[in-house]
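Student: Hey, got a minute to go through this structure with me? I'd like to talk about the empty spaces in it and the cysteines.
Tutor: Sure, let's pull it up.

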Amino acid sequence: MPKRLWITLAMLPFPALAQYEQLPTLIVEGDVMQPGTVSLQPGTIGSLDAANFLKHIPGGNVNRNGPLTGIAQFRGLYGERVNLLTNQMALKPACTNAMDDPASHIPSSLFRSVTIYREVTPVSTGLETLGGTILMESRQSEFTDEERFSLQGFASSGYNSVSNGYFGAGLIGVANQNLRAHFAGSVEDGRDYRFDRTRRVNPSEYRRETYELGFGVRHAGHDFGFTYDKKDMGHTGTPALPMDILWDRMQIYRGNYTWDLGEGWKLAAMTFYQNANHVMNNFTLRPAPMDPQRWREAETEMETGGYRLVLTMPSGPGSLQVGFDGDLFLQNATVRNPNNPAFFYTNFEDINRNRYSAFLEWQGEPIERLSANLGVRYRFTYMDAGKVDATPARMMPMGPVAALRDRFNAAERRQDQHDVDIAMNFRYRLDESLDLVLGLARKTQAPTYQQRYLWSPFEATGGLADGRVYMGNIGLDSEKSYEAVAGFDLHLPHVGGFVHDLYFEPRGFYRYINDYIQGQRATDPLVLAAANVLVPGRTCPNDPSPGDNDASDCVLQWTNIDAQLYGTDIRAGLALGEYFRLDGLMNYTRGQQLSGKDDNLYRIAPLNGRIRGTVSLWDFALSAELVGALRQDKVSEYNKERKTSDWSVVNLRLQYQPSYKYVEGLKVAFGVDNLFDNEHYDHTNGLNRVGGVRDLPVGARLPNPGRNLYVTMVYDF
């Protein structure tokens with residue numbers, strides 16, 4: 001059983017409460033985490049999108065394309081390269097441009113925790129873990145230790161000034177030692193957010209509702225649970241993408257079962273099913289194109305499901321896991337024009353991306369003071385696509401679009417990938433305060449369906465948001481990464497004088513990726529000719545020196561190259577006296593292309609970090625936080641990526657958590673983010689694609705929100 005920790009601390013400015021095994025930074029009642037992981041738990045917050053929590057973990061960041069469109073990034077890799085699990089499920093975005101990316105599937109008001117692995121990610125954590133694993137959990141009812149049923153839940157609400165946004169959420173449940181059940185829901189609504197005193201990002205309004213029903217049964221070593229989750233996203237802007245969300249309707253079913261067989265034997269199973277309908281267009285939330293023939297509305301339908309079966313057994317001085325897991329994915333996407341019923345464009349048809357896998361993983365202490373995690377995984381990936389068609393191809397049967405269609409339909413579209421992952425983690429306890437860590441791995445990643453089956457120059461790129469059009473490549477190989485992570489964890493509970501609870505946790509990492517998939521300038525004359533038909537007179541909106549009105553200036557084709565990423569991320573902090581503490585975080589990643597012309601990888605965050613000071617007195621906690629990033633001038637030439645300047649902002653927060661009987665579960669917080677209303681831009685933000693708006697030109701990087709005053713309240717019972 002995990003040891004229970006009870007450490008009282010005020011709060012973080014965002015806030016997040018970090019959980020770690022060796023002398024945690026900040027913990028409110030929680031289970032000890034597995035060594036090498038970091039977990040953040042939210043309190044009352046000013047942000048509505050749970051993806052923002054990724055900025056508070058070492059190595060984490062967010063590719064922001066809209067208010068509810070945050071794509072997870074970890075140590076320079078993002079999108080499907082990062083294995084993001086939501087309540088243990090590998091959920092998928094319905095949108096071909098990841099408008100509904102899984103990083104944003106849990107509203108922050110229903111958010112429980114986010115966990116990352118700072119060393120090499122164990123193979124047991126997911127089917128494809130080349131870019132690491134991020135575990136997100138939502139709140140639900142929990143079993144108690146008593147026969148008598150008890151009521152449990154929470155209610156929360158909040159308001160922020162930067163978008164005149166509000167949220168309301170709650171969970172009500174009953175539970176005892178054998179049964180539990182709950183209902184949870186949330187509503188979020190906001191207008192376009194402000195990034196300067198009078199300027200706003202248009203469109204960046206949002207609307208989302210979520211509802212969940214769940215129950216569980218536990219008896220005699222058996223534990224069964226089931227949840228049904230419904231998400232309904234309404235009109236929501238994505239200004240870094242060609243269209244905005246009209247609606248995104250999603251249903252998720254999940255069942256799990258564990259059987260504790262005793263003496264270290266355990267059987268665990270999980271299965272889920274997800275379906276979604278997603279509709280977007282370029283004329284409802286943003287100014288409509290002047291030419292009615294350029295109006296576009298796209299609809300995607302997606303179904304996915306997965307399973308996991310793991311047997312854990314004793315094995316020498318440790319335990320062995322034998323697991324089988326997989327998932328199936330099916331999607332269709334069609335673009336139409338409401339002004340021309342005859343127009344259609346089959347973007348993707350009967351897309352299949354199915355994964356089947358088995359793994360072995362051993363964890364234990366082979367010798368005194370040394371713990372190890374050793375694993376191997378085999379994965380088979382099956383991909384296929386149906387035949388496609390489009391009005392431009394029918395209208396010009398001898399034209400380049402028709403030629404691309406016919407070439408794609410005649411190709412061998414089924415592709416099979418056989419891949420093997422290996423991961424090894426070692427942790428050596430040098431003494432009671434210092435651990436040395438080392439991780440080594442070979443990881444693989446099969447191509448995404450966009451990279452393989454984008455049959456004509458289009459912008460359905462999984463949310464790259466670089467303003468360029470891409471061409472797929474059916475013959476792509478799997479990416480193969482060779483990774484090393486090293487560092488140490490220093491924890492000193494008593495330093496001397498007023499200084500105590502000091503921790504310093506640096507990590508250095510290096511990753512060489514053979515067959516890394518990246519867009520390279522297209523040279524196929526047929527592709528370039530089709531681009532001029534589909535996007536006539538188009539130049540890349542992010543190109544500081546536009547070409548000669550030739551669409552081929554911004555056409556890339558997915559290609560296998562060689563690349564490397566390296567850098568460091570550090571957590572550190574200490575307490576000064578009884579009432580004050582400092583905590584900090586720093587991240588640096590460099591990504592480079594190694595084959596062909598020297599170049600940098602796209603959308604890599606520069607050196608960035610945060611430092612906060614927290615004062616805790618009685619039932620109050622006050623914190624001040626400095627957040628910033630340096631200039632990013634190591635940019636991708638192939639993507640015509642623009643440089644960004646350095647920036648810094650100050651955030652303030654006051655939280656009141658009364659210790660009086662009957663109101664101990666109450667938390668009220670007041671905060672100001674970006675106190676001095678600095679106009680600033682994360683390098684990982686997308687580029688504005690919306691024309692005809694007053695405050696932000698096409699091709700400008702999406703700004704971060706301006707000064708935001710917020711108030712939040714949570715009551716747990």
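Tutor: Keep in mind that this is a predicted model. Let's start with the second largest cavity: by class, its lining has 21 nonpolar, 13 polar and nine charged residues.

Student: What volume does that second largest cavity have?
Tutor: About 740 Å³.

Student: Which residues lie nearest its centre?
Tutor: Tyr 78, Gly 79, Glu 80, Arg 81 and Thr 448, out of 43 residues that line the second largest cavity.

Student: And which element gives the most to that lining?
Tutor: β26, with four residues. Other elements supplying at least two residues include β6 (69-74), β8 (83-86) and α3 (449-453).

Student: How many cavities of 30 Å³ or more does the structure hold?
Tutor: Nine.

Student: OK, pockets now. What's the volume of the second largest pocket?
Tutor: About 1200 Å³. It has 45 lining residues, and the closest to its centre are Asn 282, Arg 294, Arg 296, Glu 459 and Val 535.

Student: Which elements give two or more residues to that pocket's lining?
Tutor: Among them are β18 (297-315), β19 (318-337) and α4 (525-534). By class, the pocket lining has 26 nonpolar, 12 polar and seven charged residues.

Student: Switching topic: how many disulfides are there?
Tutor: Zero. Take Cys 95: the nearest cysteine sulfur belongs to Cys 554 and is 19 Å away, while a disulfide needs the two sulfurs within 2.5 Å.

Student: Is Cys 95 buried or exposed?
Tutor: Cys 95 is buried, at 1% relative accessible area. Cys 554 is buried too, at 0%.

Key
Residues are numbered from 1 along each chain as its sequence is written. This is a predicted model: local features need pLDDT of at least 70, side-chain atom pairs count only at pLDDT 80 or more; totals for chains, interfaces and linings use all residues. Side-chain values use heavy atoms; hydrogens and water are left out. Buried means under 20% relative accessible area, exposed over 50%, partly exposed in between (1.4 Å probe, protein chains only). On a 1 Å grid over the protein atoms alone, a cavity is a set of points where a 1.4 Å probe fits but cannot get out, and a pocket is an open set with protein on both sides within 12 Å along at least five of seven lines; lining residues have an atom within 4 Å of a point. Grid points are joined across faces, edges and corners, and a volume is the space filled by probe spheres set on the points. Ala, Val, Leu, Ile, Met, Phe, Trp, Tyr, Cys and Pro count as nonpolar, Asp, Glu, Lys and Arg as charged, and the others, Gly among them, as polar.
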